[in-house]
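Subject: Structure handover

Dear colleague,

Here is the structure I said I would pass on. My notes on it come after the sequence and the coordinates.

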Amino acid sequence: MTENGDCLHWLARPGAEPDEWTVALKEGRGREWESHAQSCTGFLRSILVAGGTRSELFYDFPTDEAHEFRPSTDFL
């Protein structure tokens, strides 16, 4: 989840292996969704580095700020 409320989901489909699951992004203050056919960890690694995955919803990545990962139980 970003500070703006945008959420990253891992779309697990019945019968699909985890490495076949899709990353789905949900706009925090709107109805827009975006999907990326790559693993969750692959997406995070790629979007946080310059020249990696580009996103219309996570448009301000990469950033020079430090990155932090916390379990959702810490903030939900």
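The notes below cover the sheet, its strands, the helix and a surface patch.

This is a predicted model, in which local features need pLDDT of at least 70 and side-chain atom pairs count only at pLDDT 80 or more, while totals for chains, interfaces and linings use all residues. Residues are numbered from 1 along each chain as its sequence is written, and side-chain values use heavy atoms, with hydrogens and water left out.

The sheet

Helices (H or I, at least four residues) and strands (E, at least two) are DSSP runs, numbered from the N terminus. Two strands count as paired if DSSP finds at least two bridges between them. On these terms, 3 strands make an open, antiparallel sheet in the order S1-S2-S3. S1 (7–11) and S3 are the edge strands, each with a single partner strand, so one side of each has no neighbour in the sheet. On average, neighbouring strands of this sheet are turned by 25 degrees against each other, direction ignored. Axes here are lines fitted to C-alpha atoms, for helices over the stretch in contact, and angles run from 0 to 180 degrees between N-to-C directions.

S1 and S2 pair over 5 bridges in the antiparallel sense. Leucine 8 has leucine 25 of S2 as its bridge partner, and histidine 9 stands opposite alanine 24 in S2. On the other side, S2 (residues 22–26) and S3 pair over 4 bridges, again in the antiparallel sense. There, alanine 24 has serine 35 of S3 as its bridge partner, and lysine 26 stands opposite tryptophan 33 in S3. S2 is joined to S3 by a hairpin through 6 residues.

Burial

Buried means under 20% relative accessible area, exposed over 50%, and partly exposed in between (1.4 Å probe, protein chains only). In S2, 5 of the 5 residues are buried, so the strand is largely enclosed by the rest of the structure. Thr22, Ala24 and Lys26 point one way from S2, and Val23 and Leu25 point the other way. S3 (residues 33–36) alternates: Glu34 and His36 point to one face and are buried, whereas Trp33 and Ser35 point to the other and are not.

Two residues in more detail

Contact means heavy atoms within 4.5 Å. Histidine 9, in strand S1, is partly exposed, with a relative accessible area of 35%. Not counting residues up to four places away in sequence, histidine 9 touches Thr22, Val23, Ala24, Lys26 and Trp33. The C-alpha atoms of histidine 9 and leucine 25 are separated by 6.1 Å, with their positions 16 residues apart along the chain as the spacing.

Threonine 22, in strand S2, counts as buried at 15% relative accessibility. Leaving aside neighbours within four places in sequence, threonine 22 is in contact with residues including His9, Trp10, Ser35 and His36.

Helix and surface

Helix H1 (residues 40–47) lies across S1, S2 and S3 and runs at about 145 degrees to S1. Phenylalanine 75 is in the segment after H1 and counts as partly exposed at 35% relative accessibility. Met1, Phe75 and Leu76 form a nonpolar surface patch, with about 360 Å² of accessible area together. Such patches consist of residues with over 30% relative accessible area and no salt bridge, with nonpolar side chains (Val, Leu, Ile, Met, Phe, Trp, Tyr) joined within 5 Å and like charges within 9 Å. A salt bridge is a side-chain nitrogen of Lys or Arg within 4 Å of a carboxyl oxygen of Asp or Glu. Accessible areas come from the Shrake-Rupley method with a 1.4 Å probe; for residues, only the protein chains shown count as cover.

Regards
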